[in-house]
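Here's a quick briefing to read with the model open in your viewer. We'll start with one residue, then go through contacts, helix packing and empty space.

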Amino acid sequence: MEIIRPGIKIDFMGKRRYAFPLSGILIVIGILSLIMHGGPNYGIDFAGGTLAQVRFSQPVDLDEIRDALKDVELGKCVIQRFGAEGKGEYLIRLERDSSDLAGLSSLVNEALAKKFGEKDFEIRRTEMVGPKVGKDLRSKGIKAIIFSLIGILIYISWRFEFRFAVGAVVALAHDVMITVGILSLTNKEFSLPVLAALLTIVGYSLNDTIVVYDRIRENMRRMRKETHENVVNLSVNETLSRTILTSVTTLIVIVILFLRGGGVIHGFAFALLIGIIVGTYSSIFVASPVVLFWEQKFPKKGQKRRR
């Protein structure tokens, strides 16, 4: 299926002069947001503590729940709505040492029953993660992303060339940094599902980039007298229809998950939504231009005239 007319000639490489500063600004804004917020908004998976999901028979005010729990020594307590508006579901996050975790669920249950009545609410789940376990998961999550980028660098160097690998890894790091920055700006929770979404974004963006790289390599062999900029531009244009179709069909699924998937996968779907958009952008305006930049700075012998 072709949604872009054959022979189209959009000067994508010429737009890199605007794309690079735009990416830089987005990354800097994300880093500043992380600094101002003291790092990502870690969920219970990484920060440790107790989480209780409570469902009331009808929506109640957050201050009423907070008021019901004020007489119980639960430590720092964060209450937020969960799921769709008007469903009456809330998450109660408690920061406590692992030695004090046992019995917290019953304490919450007793405090809420005293305020709202036993039949007006239901504790649907409780989760407990010790601070050491949370720290260990955080460390392993960061290592998983770093090792995946190193593995991709090695694989693409073997499959293509080192200059292509550099472009792919720069684009993937770009996608992850911008997604984490937007999560921080919107104060979204950084949980294990979000980490899984980041790793999924790495895989999705890489797949899109490799399709473009394959076409660039084919055209480089076929069009030896053309400049590298023209070859890269032509290759991106030739794969544009496939890139748009893949991204749009994926986005349709992710948007439905985001809107109708429920609170459990809301963070996962939000991170994927941002990642798919940024990944599509980076495969055109970051990965390929980095290859071109590398070729111009470090040309192979006998290819200087092609710049």
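Let's begin with Leu112, which is found in helix α4, residues 104-116. Leu112 has a relative accessible area of 0%, so it counts as buried. Keep in mind that this is a predicted model.

**Pairs far apart in sequence**

- Leu112 has a partner from another part of the chain: its C-alpha atom is separated from that of Leu69 by 7.2 Å, with the two positions 43 residues apart along the chain.
- Helix α10 offers two more cases, and one of them is Val290, which lies in that helix.
- The relative accessible area of Val290 is 12%, and the cut-off for buried is under 20%, so Val290 is buried.
- Val290 and Ala171 are 119 residues apart along the chain, yet their C-alpha atoms are separated by 8.6 Å.
- Leu272 is also found in helix α10, and at 7% relative accessibility Leu272 counts as buried.
- For Leu272 and Thr179, 93 residues apart along the chain, the C-alpha separation is 8.7 Å.
- Now for one on the outside: Arg5 is found in the segment before α1.
- Exposed means over 50%, so Arg5, with a relative accessible area of 59%, is exposed.
- Arg5 and Glu238 sit 233 residues apart in sequence, but C-alpha to C-alpha they are 9.8 Å apart in space.

**How the helices cross**

- A pair of packed helices is described by two things, the angle between the axes and the distance between them.
- How do α6 and α10 cross? Their axes come within 7 Å, at an angle of roughly 145 degrees, and the crossing is right-handed.
- Sorted by class, the contact of α6 with α10 has 18 nonpolar, six polar and three charged residues.
- Helix α10 also meets α1: the axes of α1 and α10 come within 10 Å and cross at roughly 110 degrees.
- Angles of 65 to 115 degrees count as roughly perpendicular, so that label fits α1 and α10.
- The handedness here is left: α1 passes α10 in a left-handed crossing.
- What about α7 and helix α9, residues 240-260? The axes of these two come within 11 Å and cross at roughly 165 degrees.
- With the cut-off for roughly antiparallel set at over 145 degrees, α7 and α9 are therefore roughly antiparallel to each other.
- The α7 and α9 crossing is right-handed.

**The second largest pocket**

- How much space lies in the second largest pocket? About 390 Å³.
- Two or more lining residues come from each of α1 (16-36), α5 (131-159), α6 (162-185) and α7 (192-222).
- Which element gives the largest share of that lining? It is α5, with six residues.
- In total, 20 residues line the second largest pocket, and those nearest its centre are Ile142, Ile145, Val176, Val180 and Phe190.
- By class, the lining of the second largest pocket divides into 17 nonpolar residues, two polar and one charged.

**The cavity**

- Rolling a probe the size of a water molecule over the atoms shows where empty space is left.
- How many cavities of 30 Å³ or more does a search of the whole structure find? The search finds one.
- About 70 Å³ of space lies in the largest cavity.
- Its lining is made up of Leu34, His37, Gly39, Pro40, Asn41, Val180, Leu183, Ser184, Asn187, Lys188 and Phe190.
- Helix α6 gives the most to the lining of the largest cavity, with three residues.
- The classes in this lining are five nonpolar, five polar and one charged.
- Val180 and Phe190 line the largest cavity, and both are also among the residues nearest the centre of the second largest pocket.

**A backbone oddity at the cavity**

- Asn187, one of the cavity-lining residues, is not a glycine, but its phi is positive, at about 60 degrees.
- Where is Asn187? Its place is in the loop between α6 and β6, the latter being residues 189-190.
- At 48% relative accessibility, Asn187 counts as partly exposed.

Methods:
Residues numbered from 1 in each chain as written. Predicted model: local features only at pLDDT ≥ 70, side-chain atom pairs only at ≥ 80, totals over all residues. Heavy atoms only, no water. 1 Å grid on protein atoms, 1.4 Å probe; cavity = no way out; pocket = protein on both sides within 12 Å on 5 of 7 lines; lining within 4 Å. Points joined across faces, edges and corners; volume = space filled by probe spheres on them. Helix = DSSP H or I, 4+ residues; strand = E, 2+ residues; numbered from the N terminus. Nonpolar A, V, L, I, M, F, W, Y, C, P; charged D, E, K, R; others polar. Buried < 20%, exposed > 50% of the residue type's maximum accessible area, 1.4 Å probe, protein only. Axes fitted to C-alpha atoms, helices over the stretch in contact; angles between N-to-C directions. Parallel < 35°, antiparallel > 145°, perpendicular 65-115°, else oblique. Left-handed = near helix turned anticlockwise from the far one by under 90°.
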